[in-house]
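Me: I would like a close look at a single part of this model. Please go through the contacts and burial there, and then the strands and helices that can be described along with it.

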Amino acid sequence: MNITIVGTGYVGLVTGTTLAELGNSVYCVDIDEKKVEGMKNGVVPIYEPNLEEMFLRNIQSERLFFTTDLKEALDKSEVVYLALPTPPGEDGSADLSYVLKVANDIGEMMTEYKVIVNKSTVPVGTADRVREVISSKTQIPFDVVSNPEFLREGFAVEDSMNPSRVVVGASSQKAQDIMAKIYQPFTNTGIPIIFMDEKSSELTKYAANSFLAVKITFMNEIANYCEKVGADVDKVRLGMGSDDRIGHRFLFPGIGYGGSCFPKDVKALINSGKQEDFNFQILEATESVNTAQKVILVSEIENYFGGNLAGKKIAMWGLAFKANTDDIREASSLDNIDLLLQKGASVIAYDAIAESNVQKILGDRIQYAKGMYDALEDADALFIATEWPEFKNPNFELMAKKLKNKVIFDGRNMYPLEIPEQNGFFYKSIGRKTIVQEPGKK
């Protein structure tokens, strides 16, 4: 089948490459000419593990194409996926201007039946709005479908090729049949496709992401309470997660959630509720708790240094909002850097993948290290903000030589408590015992 993907961000590019891998001819459209030229030449514009190999394979197999010309792609395709940004406005509502602009263009350009697929995360009722915009521009029959994505950054290729389910909101039987044909390679292997109405499909995405944000935040609250009463959050989460009604995933405490999805989707659902005179109290509490959780370690750092961070140099390992991505949207690292700088500290950071994206925002407000150990040189303390695999088994002897003080503030609970203890470090993590170095040790 011939398919157009409009938008080549994380969702669009991964979706397009996956659909090409499933045997379709896929035309990816983007307004950024430089980006399109790069992709034509095999340059993947985002960092996502295992994407480049699949991307190049499908270009070479002439199943994956790139263009800035929407009309050209539209004329070749029966199905058009909209994978456009829906950034939050000042009130938290999703900005649909990109989606509705392309819907308008499609209405003006289409010459035969199309299925328009909303892949972007959009508020309930967006399919109706897209349908209205296109209908105002053409008499040609078409259908609008909701098909939300459930990709985890860092695991997007794995998730796209092995989804837990495919959700499709479609009121037209013709559109359902076309979507079933596209996803037949999945259903043939036992992956379910769940058909429903468009509004239920749109809400499914927001409900799923918001529930996971609540789960993370609840575990962070439990972790903070563990510190008050002397319990160990690692043991608590194991006991909780062993209940198959709860499960082990998303029970890891830390310095809050970030990224392009959870913060935006929680805000959008809160705002959508208010438009219907409905108050999502649990989501408002989640948002408030997460905001505080992201910088919860800064007060601990301040306390360690006697209430004064002026002139202190803090090394930071990790800048991405999570491991295995270069995405820094809503990253906890940025909140902590901002607060540390406000309190008079300086920051030197290391993140081999996300550094360039942070430089675009912060410039020379912080320093950037070439290696993880280089960041520690003469630093007063280490702050771990992202759980990159390379940080999991560090050389503690070398760390002790580089740091002024054997001090680690770990926002991702990277190490078993006995490891920093054996190496004489002061070690503050989330929801666990604080390890204090032995007197007289560096």
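Reply: In this predicted model, T286 touches A213, V214, T217 and Y257, leaving aside residues up to four places away in sequence. T286 belongs to helix α13, which covers residues 281–293. The relative accessible area of T286 is 4%, and the cut-off for buried is under 20%, so T286 counts as buried.

Another buried position is D234, in helix α11. Its relative accessible area is 17%; the cut-off is under 20%, so D234 is also classed as buried. Not counting residues up to four places away in sequence, D234 touches N413 and R432. With R432 there is a polar contact between the two side chains, at 3.0 Å. M54, by contrast, is 180 residues from D234 in sequence, and the two C-alpha atoms are 37 Å apart in space.

Helix α11 itself spans residues 233–241, and its buried residues are V233, D234, R237, M240 and G241. Viewed down the axis of α11, these buried residues fall within an arc of 130°, so they line one face of the helix. An α-helix has 3.6 residues a turn, so residues three or four places apart point the same way. The buried residues of α11 pack against α10, residues 198–229. K235 and G239 are exposed and sit on the face of α11 turned away from the buried side. The N-terminal end of α11 is capped by D232, whose side-chain oxygen lies 2.9 Å from the backbone nitrogen of D234.

Next comes the sheet. Its six strands follow the order β11-β10-β9-β12-β13-β14, and the sheet is open with parallel pairing. β11 (367–368) and β14 are the edge strands, each with a single partner strand, so one side of each has no neighbour in the sheet. Strands of a sheet pair through backbone hydrogen bonds, either parallel or antiparallel.

Strand β9 (residues 313–317) runs parallel to β12 and is joined to β12 by four bridges. One partnership between these strands is that of W317 with I384 in β12. Helix α15 (residues 332–342) lies across β9, β10 (346–350) and β12, and runs at about 175° to β9.

On from β12 (residues 381–384), three bridges lead to β13, again in parallel. L382 is the residue opposite I408 of β13. The connection between these two strands involves helix α17 (residues 396–402): β12, α17 and β13 make up a right-handed β-α-β unit.

How are the residues of β13 placed? In this strand (residues 407–410), V407 and F409 point one way while I408 and D410 point the other way, and all are buried. β13 also pairs with β14 (residues 426–428), in the parallel sense and over three bridges. There I408 has Y427 as its bridge partner in β14. I408 thus appears in both pairings of β13, opposite L382 and with Y427.

Key
Residues numbered from 1 in each chain as written. Predicted model: local features only at pLDDT ≥ 70, side-chain atom pairs only at ≥ 80, totals over all residues. Heavy atoms only, no water. Buried < 20%, exposed > 50% of the residue type's maximum accessible area, 1.4 Å probe, protein only. Pairing = 2+ DSSP bridges. Right-handed = clockwise from strand over helix to strand, strands pointing away. Contact = heavy atoms within 4.5 Å. Axes fitted to C-alpha atoms, helices over the stretch in contact; angles between N-to-C directions. Arc of directions from axis to C-beta. Polar contact = N/O pair within 3.5 Å; in protein donor to acceptor, adjacent residues only side chain to side chain.
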